[in-house]
Amino acid sequence: MPPGENSPDGTGLRQRKQQETRARLTRAAMTLFLERGFEATTIDDIAAAADVSRRSFFHYFASKEDVVAAWQEGAASALVAEIVARPADEPMLTAAENVIAAAVKRIDPAEAAAMSRLKRDNPALRARDQLKYEKLELALADGLARRARTKSDQLKARLVAMIATGAMRVGGDSWIGEGAREKPEIFVKRTFDAIRAILK
């Protein structure tokens, strides 16, 4: 394929290379953060591990915190796509529970626990984490709203998104607080069962 020509899926070679480099930087950074800790990992370390220059790092990210945010945003986008793909007759709260449970099944519990501790122990990452939940709530509300048939369903979509996002936040904190011993998907079910008990 000639340089710059689009591939069959419409993605240009340069764009695909940029996406690959960004993904490589993200993977290298997350690996180093979990191995060494956030503060102990430098931008030079990340660039070296990803086999790019320090200058190249700044083409993709303004800071180390931005790498963590990018990693989280990718997970949120996948979650919303799955919400939209759920059966149309599935209740919104059940759809939210099912996609969250499916998402946590795909993660390494030890890695998730380590990442949670990393964010908990770093003020800058904690602040970014709060922003992540705000964005996730808006994205989930949008995904659920696409399933809505009436105006009242639109309101329900926003409320379910708020509840589901809160469940992820509170459930995640509780899971870590209890030593991350239980499988995450089981903890998700327990959290949503508690929500349904409250709503009865």
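In which helix does Ala145 lie? Ala145 is part of helix 7, and the points below, which concern a predicted model, return to that helix more than once.

1. Overall make-up. The protein has 9 helices and 0 strands, so that, read from the N terminus on, its elements follow the order α-α-α-α-α-α-α-α-α. Along the principal axes, the C-alpha atoms fill a box of roughly 55 × 45 × 25 Å. Of the 200 residues in the protein, 40% are buried, a class that requires under 20% relative accessible area. When contacts between residues at least 6 apart in sequence are considered, 63% of them join residues at least 24 apart.

2. The surroundings of Ala145. Once residues up to four places away in sequence are set aside, Ala145, in helix 7, touches Gln154 and Ala157. Arg24 lies 121 residues from Ala145 along the chain, and the C-alpha atoms of the two are separated by 34 Å.

3. The largest nonpolar core. This core has 26 residues, and those with the most contacts inside it are Leu79, Ile100, Leu140, Leu144 and Phe192. Two or more residues are given to this core by each of helix 4 (64-85), helix 5 (92-105), helix 7 (123-145), helix 8 (151-177) and helix 9 (184-199), and the largest share, 8 residues, comes from helix 5. In soluble globular proteins, nonpolar side chains tend to be buried together.

4. Leu144 and a separate core. Leu144, which is among the residues with the most contacts inside the largest core, is in contact with Ile83, Met92, Ala157, Val160 and Ala161 when its neighbours within four places in sequence are left aside. Apart from the largest core lies another one, of 20 residues, which includes Ala28, Phe38, Ala50 and Ala70. Ala157 deserves a second look, as it is in contact with Leu144 and is also touched by Ala145.

5. The largest pocket. Its volume is about 1,200 Å³, and of the 39 residues that line it, Ile107, Lys119, Lys132, Tyr133 and Met168 are the closest to its centre. The elements that give two or more residues to the lining are helix 4, helix 5, helix 6 (109-120), helix 7, helix 8 and helix 9, with the largest share, 9 residues, coming from helix 8. Sorted by class, the lining has 21 nonpolar, 7 polar and 11 charged residues.

6. Asp51. The backbone at Asp51 merits a careful look, since this residue has a positive phi of about 60 degrees although it is not a glycine. Asp51 is found in the loop between helix 2 (43-49) and helix 3 (54-60). Because its relative accessibility is 67%, Asp51 counts as exposed, the cut-off for that class being over 50%.

7. Salt bridges around helix 2 and helix 3. A search of the whole structure finds 8 salt bridges. Side chains of opposite charge can pair when their charged atoms come close. In one of these pairs, the side chains of Asp45 and Arg36 meet at 3.0 Å, N to O; Asp45 is partly exposed, at 24% relative accessibility, and Arg36 is partly exposed too, with a relative accessible area of 47%. In another, Arg54 forms a salt bridge with Asp44, their closest N and O atoms being 3.2 Å apart. That pair links distant parts of the chain, with Arg54 in helix 3 and Asp44 in helix 2, 10 residues apart. Arg54 has a relative accessibility of 42% and therefore counts as partly exposed, and Asp44, at 42%, likewise counts as partly exposed.

8. A salt bridge within helix 9. The side chains of Lys189 and Asp193 meet in a salt bridge with an N to O distance of 2.9 Å. Both residues lie in helix 9, where they are 4 residues apart, about one turn of the helix. Lys189 is partly exposed, with a relative accessible area of 47%, and Asp193 is partly exposed as well, with a relative accessible area of 35%. Helix 9 thus appears in three of these points, because it also gives two or more residues to the largest nonpolar core and two or more to the lining of the largest pocket.

Note on methods:
Residues numbered from 1 in each chain as written. Predicted model: local features only at pLDDT ≥ 70, side-chain atom pairs only at ≥ 80, totals over all residues. Heavy atoms only, no water. Core = buried A, V, L, I, M, F, W, Y, C linked by side-chain atoms within 4.5 Å. Buried < 20%, exposed > 50% of the residue type's maximum accessible area, 1.4 Å probe, protein only. Contact = heavy atoms within 4.5 Å. 1 Å grid on protein atoms, 1.4 Å probe; cavity = no way out; pocket = protein on both sides within 12 Å on 5 of 7 lines; lining within 4 Å. Points joined across faces, edges and corners; volume = space filled by probe spheres on them. Nonpolar A, V, L, I, M, F, W, Y, C, P; charged D, E, K, R; others polar. Salt bridge = Lys/Arg side-chain N within 4 Å of Asp/Glu carboxyl O.
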